[in-house]
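Subject: Structure handover

Hello,

Here is the structure you will be working with. Please open it beside this email and follow along.

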Amino acid sequence: MIKKFTLIVLLLYGFSANAQSAYTPTADNLAARENFQDMKFGLFIHWGIYSILGDGEWVMHNEKIPYDSYKRLADFFNPQAFDAKEWVAFAKRAGMKYITITARHHDGFSMFGTKFSSYNIVDATPYHRDPLMELAQECQKQGIELHFYYSLLDWGRPDYAFGSPIVNGKPTQGDWDNYIKFMKDQLTELITKYPAVKGIWFDGYWERTDVNWHLDEIYGLIHKLNPSILIGNNHHEAVKDGEDFQMFEKDLPGNNSTGFSAKSKIGALPLETCETINYSWGFNINDRNYKSTKQIINYLVNAAGRNANFLLNIGPMPNGKIQPEFADTLAIVGNWMQKNGETIYGTRGNFIAAQPWGVVTYKNKTLYAHVLNMPKQPYLFLPEVKGKITKVTLFADGSNVKFKQQPEGVFIYTDSLKPDAVDTIIQLTIN
Ligand code: FHN
């Protein structure tokens, strides 16, 4: 009897302890999530001392450059042409509403002034300026959100001890507790010192899936410092307690063409997918696999139709300039967004599942059917439309489009439509 009683008490305690530790977002955080979903399009920036070598952000690891030799790059990182105002204006011109930039990547170099490591842009380079502070101030001035990418993985710090076997949740070499403390200290700086910071984008978890990352403490600290900060973690797994959005790498949610998303089931949080403008994240002088404007717009529309934001990456050059190929492409994308942004910003997706011809976004009482591949037959079919459709028009010029609503869905007749080479948008008003 006593045993049974003890078991019940333990179970109840267990439930309440779990219930207490489960994360409950604040009202401000929930509002930030809504705003995040409204923004739809962001600029991802991978920029660090690796950009000097023009071979991507993994160059130290891929080329087996010893840490002490790699560190010398800091001596000649001097991005004199960096202009925060220009970068923010560049993102805005492209129709982007937020910027996510690498504060610290896997090479461990801090691209911001930090008290907790001298291996940072202010102390270790001839530049001696803090570009992330300049960017944060400029983002605030120009009304655009800033998120910081922060790597959990570190190839060089002795306390991380890259390559060390993991036993009982810790690397056998190094000083894991110190490393966790170091990250908390840096994250505190990033959240408390930099204005306009609205999100932290973690990466590198996948390098040690059997270690104790102390995510509960790290996430708890961030939300204590600022409850409305949105936390996302590119762990390639299902969302974890304490996270505010879920991200997918190089794949639309639900797809797994790159192999990153095998374990990442779509959850209930806001979604984001990131993709590169060419093939590389960090500046790569040899990468000319530039995506076309049509490919980028298609990706953005496909993401919005699946209820996800699109975070498009560029790797600026070591002098702080953005290469002209990226600027040219994004200027065209920006023009497209100026004309068609109404069908993307502030909308939600997945109201109707993606169709072979494209996707549907919606806002209030309006549906936008984005026809990315005109069907061979002279009509489109939208299944499961609830409510009565009162009007169907071509978004480009407001002209009426023939349609027929049946219990099983809506038929839209495309024979008299002038198709657009990128995206034919059909607007449906619902009652
Ligand atoms: O290893 C990183 C890579 O360098 C880049 O930062 C991307 C961005 O999603 N994430 C990691 C790979 O999953």
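Let's begin at one pair of strands. Strand S6 (residues 197-203) and S7 run parallel, and four bridges join them. One facing pair to look up is phenylalanine 202, which stands opposite asparagine 233 in S7. How does the chain get from S6 to S7? The chain crosses through helix H9 (residues 215-225), and this β-α-β crossover is right-handed. Please keep in mind that this is a predicted model.

Now look at strand S7 itself, residues 230-233. Leu230 and Gly232 point one way. Ile231 and Asn233 point the other way. All of these are buried. The general pattern is simple: in a regular strand the side chains alternate between the two faces of the sheet.

**The eight-stranded sheet**

S7 and S6 belong to an open sheet of eight strands. The order is S7-S6-S3-S2-S1-S10-S9-S8, and the pairing is parallel. Which strands form the edges? They are S7 and strand S8 (246-249), and each pairs on one side only. From one strand to the next, the twist averages 25°.

Go to the S8 edge. S8 pairs with strand S9 (residues 271-276) in the parallel sense, over four bridges. Glutamine 246 has leucine 271 in S9 as its bridge partner.

S9 also pairs with S10, again in the parallel sense, here over six bridges. Glutamate 275 stands opposite leucine 312 in S10. The chain crosses from S9 to S10 through helix H10 (residues 293-305), and this β-α-β crossover is right-handed.

Strand S1 (residues 41-45) is joined to S10 by five bridges, and the two run parallel. Here glycine 42 stands opposite leucine 311 in S10.

Is strand S10 (residues 308-314) enclosed or open? Seven of its seven residues are buried, so S10 is largely enclosed by the rest of the structure. Trace its side chains. Ala308, Phe310, Leu312 and Ile314 point one way. Asn309, Leu311 and Asn313 point the other way. Residues on both sides are buried.

**The four-stranded sheet**

There is also an open sheet of four strands. Its order is S11-S12-S17-S14, with antiparallel pairing. The edge strands are strand S11 (358-363) and strand S14 (389-394), each pairing on one side only. Neighbouring strands of this sheet are turned by 20° against each other on average, direction ignored.

As background, strands of a sheet pair through backbone hydrogen bonds, either parallel or antiparallel.

Take strand S17 (residues 424-430) next. S17 pairs with S14 in the antiparallel sense over five bridges. Isoleucine 389 has isoleucine 430 in S17 as its bridge partner. Strand S12 (residues 366-371) also pairs with S17 in the antiparallel sense, over six bridges. There, histidine 370 stands opposite isoleucine 425 in S17. Six of the seven residues of S17 are buried, so this strand is largely enclosed by the rest of the structure.

**The ligand**

Now find the ligand. Which residues come nearest to it? Of the 14 residues around the ligand, they are His46, Glu57, His106, Asp203 and Glu249.

Some polar side-chain atoms lie opposite oxygen atoms of the ligand:

- Tryptophan 58 has a polar side-chain atom 2.8 Å from a ligand oxygen atom.
- Histidine 106 has a polar side-chain atom 2.7 Å from a ligand oxygen atom.
- Glutamate 249 has a polar side-chain atom 2.6 Å from a ligand oxygen atom.

How much of the ligand does the protein bury? Taken alone, the ligand exposes 330 Å², and the protein buries 96% of that.

**Histidine 236**

One more residue deserves a click. Histidine 236 sits in the loop between S7 and S8. Is histidine 236 buried or exposed? Its relative accessible area is 15%, and buried means under 20%, so histidine 236 counts as buried.

Which side chains does the side chain of histidine 236 contact? One polar contact is with the side chain of asparagine 234, at 3.3 Å. Another is with the side chain of glutamate 249, at 3.2 Å. You have met glutamate 249 already: its side chain has a polar atom 2.6 Å from an oxygen atom of the ligand.

Best wishes

Methods:
Residues are numbered from 1 along each chain as its sequence is written. This is a predicted model: local features need pLDDT of at least 70, side-chain atom pairs count only at pLDDT 80 or more; totals for chains, interfaces and linings use all residues. Side-chain values use heavy atoms; hydrogens and water are left out. Buried means under 20% relative accessible area, exposed over 50%, partly exposed in between (1.4 Å probe, protein chains only). Two strands pair if DSSP finds at least two bridges between them. A crossover is right-handed if, with the strands pointing away from the viewer, the path from the first strand over the helix to the second runs clockwise. A residue is near a molecule or strand if one of its heavy atoms lies within 4 Å of it. A polar contact is a pair of N or O atoms within 3.5 Å; within protein, one must be able to donate a hydrogen and the other to accept it, and residues adjacent in sequence count only if both atoms are side-chain atoms. Accessible areas come from the Shrake-Rupley method with a 1.4 Å probe; for residues, only the protein chains shown count as cover. Axes are lines fitted to C-alpha atoms, for helices over the stretch in contact, and angles run from 0 to 180 degrees between N-to-C directions.
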